Amino acid sequence: MAILYQHEIEEQLRFIGKKANRPFISWSGEMDDVDPVYFFALGQACSFRERFYWSDRANETVYVGLGCTYSIETEEKEQRFQIVETKWKKWMEQLAFDHHGTATTPILFGGFSFDPFKPRTEKWRAFPHAKMVVPTVLLSLKNGKATLTVTVPSMRYEESMEKIGMLLRLLSQEQKQPTASLPTLVKYEEAQKDEWIHAVEKTIRNIREGKFDKVVLAREARLSFADVIDPVVVLQQLREQQPFSYLFAFEQDGQCFIGASPEQLVKKEGDACYSICLAGSIRRGKTLQEDEQLGQWLMRDEKNLREHQFVVQMMKEAMGSVCKRVQIPASPQLLKLQHIQHLYTPVIGEKCHAASVLSIVEQMHPTPALGGTPREKAIKEIRETEPLDRGWYAAPIGWMDAEGNGEFAVAIRSGLFQGKEAFIFAGCGVVGDSDPMSEYEETKVKLTPMLSALGVERDE
């Protein structure tokens, strides 16, 4: 494997710094292919306290970040998206970078809380209402090409270069996948199950009284293990088990938010925008015939079709506010994943005039698939009724580049790891003809991907 040697990178950075005289410098260069999960694993060995991982559903774009050179954090409730966008633009003015013949520039990666007005619990203390970071070392895999991007302060990067040197030495050795195993489950607890079912019953009554059309209610399961959970092993499991999902991980100071989401929020490429409507679901069948029957039932079920249409209508309006033309098929299709199948409708926006992907994220979050409709009333109902703090669950997570292009997924099928504990989450759309126990069973199916990745088998 060809290696970008430490002294070469240092020379390039020193040259860029002298030439541009700016507070931050960045350099990109091509490198031989590397397994991104292996690269993520090396971050811990090289003492990087922050790690992130991102891959899109087609595995065509993969980003792995180690360390943090610049961070944007805010606890602002009303203007958090604008604050991040404004600070990112200002920071880019302080950066000098050399593409070195590549198409890669530094990116900003991170996420947001679902509802900044919900009181925060202790377990989400390390995850502000908005946090996005520029990694010190970024591995980019696009169209079969691997690129390494190093971004550091121009006046003090010696400590970073020591870690980068260690990383390069480890990369020069034979790549060996981590051999750590998943720890033994000690305790499994469905947090506040009865309270959640009562919340569903109350919400159904409110919907029947005409207060809302739909409200999404989420619940939580807590798992305790005999040893510390290694995010690398879980990431490997998710990559194998959920091949058509967005994979993401955001780790800082030993706490990791990780998941495999089937749901794109929005992608912006120049003046084109892409999104999907994903609402209405049922489990996979145990036989091919049963699977087909369940899928056909979902395609005809009025409750699920109505739930899906709420999302389609909202997406049409949101995309139409920033795009000259919007293409949406007349009827949904099926998206089949390992444990669940969904109603799915793709959305394409043309001639987009939005300043950045973040401004579109602000328009779309939360969609009726994660919040409900009417939006503000549904969010208020969730805030007052739902017996948990969602934190970053069901919220936007993704990346943005120097041009304002980027992609965000909705952070569902996810969990928060803290040492020997894991908190995993699932939600369902409640409408007037919902049945509380059926909704509960649906959330059990949606918990399955994270349970499976943690090596936990439970009866459905």
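## Exercises on a predicted model

At 5% relative accessibility, Ile412 counts as buried; the cut-offs are under 20% relative accessible area for buried and over 50% for exposed, with partly exposed in between (1.4 Å probe, protein chains only). This is a predicted model, in which local features need pLDDT of at least 70 and side-chain atom pairs count only at pLDDT 80 or more, while totals for chains, interfaces and linings use all residues. Residues are numbered from 1 along each chain as its sequence is written, and side-chain values use heavy atoms, with hydrogens and water left out.

**Exercise 1. Find Ile412 and list what it touches.**

Step 1: Go to the loop between β21 (406-410) and β22 (414-418), where Ile412 sits. Helices (H or I, at least four residues) and strands (E, at least two) are DSSP runs, numbered from the N terminus.

Step 2: Look for contacts, meaning heavy atoms within 4.5 Å. Skip residues up to four places away in sequence, and Ile412 touches Phe248, Ala260, Ser261, Pro262, Glu263, Leu370, Tyr393 and Ala394.

Step 3: Check a C-alpha distance too. Leu447 is 35 residues from Ile412 in sequence, and the two are 9.7 Å apart in space.

**Exercise 2. Take Ala394, one of the residues touching Ile412, and work out what its backbone is doing.**

Step 1: Place Ala394 in the loop between α10 and β20 (396-400).

Step 2: Read phi. For Ala394 it is near 70 degrees, a positive value in a residue other than glycine.

Step 3: Now try Gln192, where phi is near 50 degrees, again positive without being a glycine. Gln192 belongs to the loop between β10 (185-191) and α5 (193-208).

Step 4: Sort out the accessibility. Ala394 has a relative accessible area of 1%, so it is buried; Gln192 comes in at 36%, so it counts as partly exposed.

**Exercise 3. Which residues have the most contacts inside the largest nonpolar core?**

Step 1: Get the term straight: a nonpolar core is a set of buried Ala, Val, Leu, Ile, Met, Phe, Trp, Tyr and Cys residues joined through side-chain atoms within 4.5 Å.

Step 2: The largest such core has 83 residues, and Phe257 and Met364 have the most contacts inside it. A separate core of 55 residues lies apart from it, with Ile9, Leu223, Ala260 and Ala422 among its members.

Step 3: Zoom in on Met364. Leave aside neighbours within four places in sequence, and Met364 is in contact with Leu265, Val266, Ser275, Met314, Met315, Ala318, Met319 and Arg375.

**Exercise 4. Check the peptide bonds leading into Pro366 and Pro374: cis or trans?**

Step 1: From His365 to Pro366, omega is near -10 degrees, and the bond is cis. Pro366 lies in the loop between α9 (357-364) and β19 (372-373).

Step 2: From Thr373 to Pro374, omega is near -5 degrees, and this bond is cis as well. Pro374 is in the loop between β19 and α10 (375-385).

**Exercise 5. Compare the surroundings of Pro135 and Trp91.**

Step 1: Pro135 is in the loop between β7 (130-134) and β8 (137-142), while Trp91 is part of helix α3 (residues 80-92).

Step 2: Pro135 has a relative accessible area of 2%, so it is buried. Trp91, with 1%, is buried too.

Step 3: List the partners, neighbours within four places in sequence aside. Pro135 contacts Phe52, Gly65, Leu66, Gly67, Cys68, Thr69, Ile107 and Thr151; Trp91 contacts Phe24, Tyr70, Val134 and Thr151. So Thr151 is on both lists.

Step 4: Add distances between C-alpha atoms. Pro135 and Leu108 are 27 residues apart in sequence and 7.8 Å apart in space, whereas Trp91 and Phe52, 39 residues apart along the chain, are separated by 20 Å.

**Exercise 6. Why does the protein chain count as being as compact as a globular protein of its length?**

Step 1: Count the elements: 11 helices and 23 strands.

Step 2: Take the radius of gyration over C-alpha atoms and set it against the globule rule, 2.2 Å times the number of residues to the power 0.38. The value is 22 Å, close to the 23 Å that the rule gives for 460 residues, so the chain is as compact as a globular protein of that length.

Step 3: Add the contact pattern: among contacts between residues at least 6 apart in sequence, 77% join residues at least 24 apart.

Step 4: Finish with burial: 60% of the 460 residues are buried.
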